[in-house]
Amino acid sequence: MSNHSRPSVHKVPLDLIFSGPFPAASAQWSEVPLVNLEPHMSAVRAVLQGKGGFDSYWELTQSDADQGEPAGDRRAWEKEVARRIRRYARSWMPAHPTIGRYDRDRLILADGHLRCCVYKVQGKRWIRAKLLPDAASRWDARPTEPLSRAVARQNRKSFYTPVEHERFRTQRVSRKGSDRLDLIRGFLGPIRERRLSVLDVGCNIGYYSFHLARQGFEVVGVESDAQHFEVAESLRQMYGLDVELWQGPFESYAPARRFDVVLGLTVFWHFLPPKGSPDVGDRARALTKQLETLVGHALIWESGARGQEEIDLIRSNTGLKHFTLLGQTAGTGVHRQFGVFTRVPVNEAVSQLRGGGRDGGDGRRATLISPPAILEAGTAMQIPASRAG
Ligand SMILES: C[S@@+](CC[C@H](N)C(=O)[O-])C[C@H]1O[C@@H](n2cnc3c(N)ncnc32)[C@H](O)[C@@H]1O
């Protein structure tokens, strides 16, 4: 246990780190996940990967006197930033980034944005960070007993996705990487006023439900398996997040509402008929009926092994005719497709998401503030509605 009268060093998951506050002119970059911190990420990618650029980081530093960056000669400034990025990339922790605040299970940076973005681009999942006293005591107070009890009761040896607590860091995990979370966050962009609703179908231990709740979405996770559900419940307590979890088959879930965004990651393959079957079958029909009823703007999806069959099923039997491939993923020995289904062309759907969402009660509306990074990166493949089915 650390002495909380002084900052203390902790090992923390990089995906729980959010940017600190920026002044008004750059406020859109405040409290966003690292992958959405475009100015810093773009500069880091430019130096380490030869793509991206310095423009948005330059604009930020020019509009933000508090950043302590030297104004003036841009070439000299770029050289200096590139030198710092290379130094961070070479040496493991030249100085630990500082977490100023722990709030809604997010670690809010006080210092070290560029360093953290370097580690993110390098694909690290855990880093050492210095936590200020109040953040450290809250972070350390996260209750692990419910999860420990569930793991013991189930004699559980592994998790499908990571548990974001140091005590469980070395547990066996089937899908360790942040690739899927990065794709989701890249597609949605940083969200400002935060009342968009999400339904996570087959949420398992709730990994995506919790990450999106950290970003301010209003999330419901549905899971049919009692043991996964028990773990998800205990994680909800550990993370202290306001996520609604519903146990039962998705086919029977009947809320009196639609969701702005639905996640269906590596779950719809359960509903496919046997390979070669001439009829889609009752389960698949039940699935598409549910999707037609419950998906508002976007269905973010990852396939099982028979990806094209899932795509055809959804496009032929729902109004989700537009499919955009966001990336190829792999997990548990299967090559998978990862993409988004929308009712209208994807960019229109994103604008609807920007303008949509419920009023948070304070008169402010949900807003997405940047176009999906993934579309800008040119990796998306859009399939027009006319080729549906
Ligand atoms: C391979 S896991 C994927 C978990 C999570 N979506 C992810 O990608 O990290 C599939 C999950 O879907 C759940 N599942 C399968 N059929 C379901 C159904 N009909 N209703 C709800 N959940 C279901 C399983 O219990 C399992 O937790």
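This report walks through a predicted model of a protein chain with a ligand.

## Overall picture

Let's start with the whole chain. Along its 389 residues, 43% are buried, and the fold is built from 13 helices and 15 strands. Looking at contacts between residues at least 6 apart in sequence, you will find that 68% of them join residues at least 24 apart.

## Confidence

The average pLDDT of the protein chain is 89, and 86% of the residues reach at least 70. One stretch to read with this in mind is residues 357-389, where the pLDDT is below 50. Even there, the model gives the stretch 70 contacts beyond near neighbours in sequence.

## Helix H5 and its cover

Now turn to helix H5, which spans residues 133-140. Its buried residues are Ala 135, Ala 136 and Trp 139. They line one face of the helix, because they fall within an arc of 100 degrees when you look down the axis of H5. As background, an α-helix has 3.6 residues a turn, so residues three or four places apart point the same way.

What lies over these buried residues? The cover includes three strands: E1 (8-13), E3 (98-103) and E5 (126-131).

## Around the ligand

The ligand has 19 residues around it. Those that come nearest are Gly 202, Asn 204, Asp 225, Phe 250 and Leu 265, so a good view of the site can begin with them.

By residue type, the shell holds eight nonpolar, seven polar and four charged residues.

Terms used: Residues are numbered from 1 along each chain as its sequence is written. This is a predicted model: local features need pLDDT of at least 70, side-chain atom pairs count only at pLDDT 80 or more; totals for chains, interfaces and linings use all residues. A residue is near a molecule or strand if its C-beta atom, placed from the backbone, lies within 6 Å of it. Ala, Val, Leu, Ile, Met, Phe, Trp, Tyr, Cys and Pro count as nonpolar, Asp, Glu, Lys and Arg as charged, and the others, Gly among them, as polar. A residue is buried if 20 or more other C-beta atoms lie within 10 Å of its own, exposed if 12 or fewer, and partly exposed in between; C-beta atoms are placed from the backbone. Helices (H or I, at least four residues) and strands (E, at least two) are DSSP runs, numbered from the N terminus. The arc is that of the directions from the helix axis to the C-beta atoms. Two residues are in contact if their C-beta atoms, placed from the backbone, lie within 7 Å. pLDDT is the predictor's confidence in each residue, from 0 to 100.
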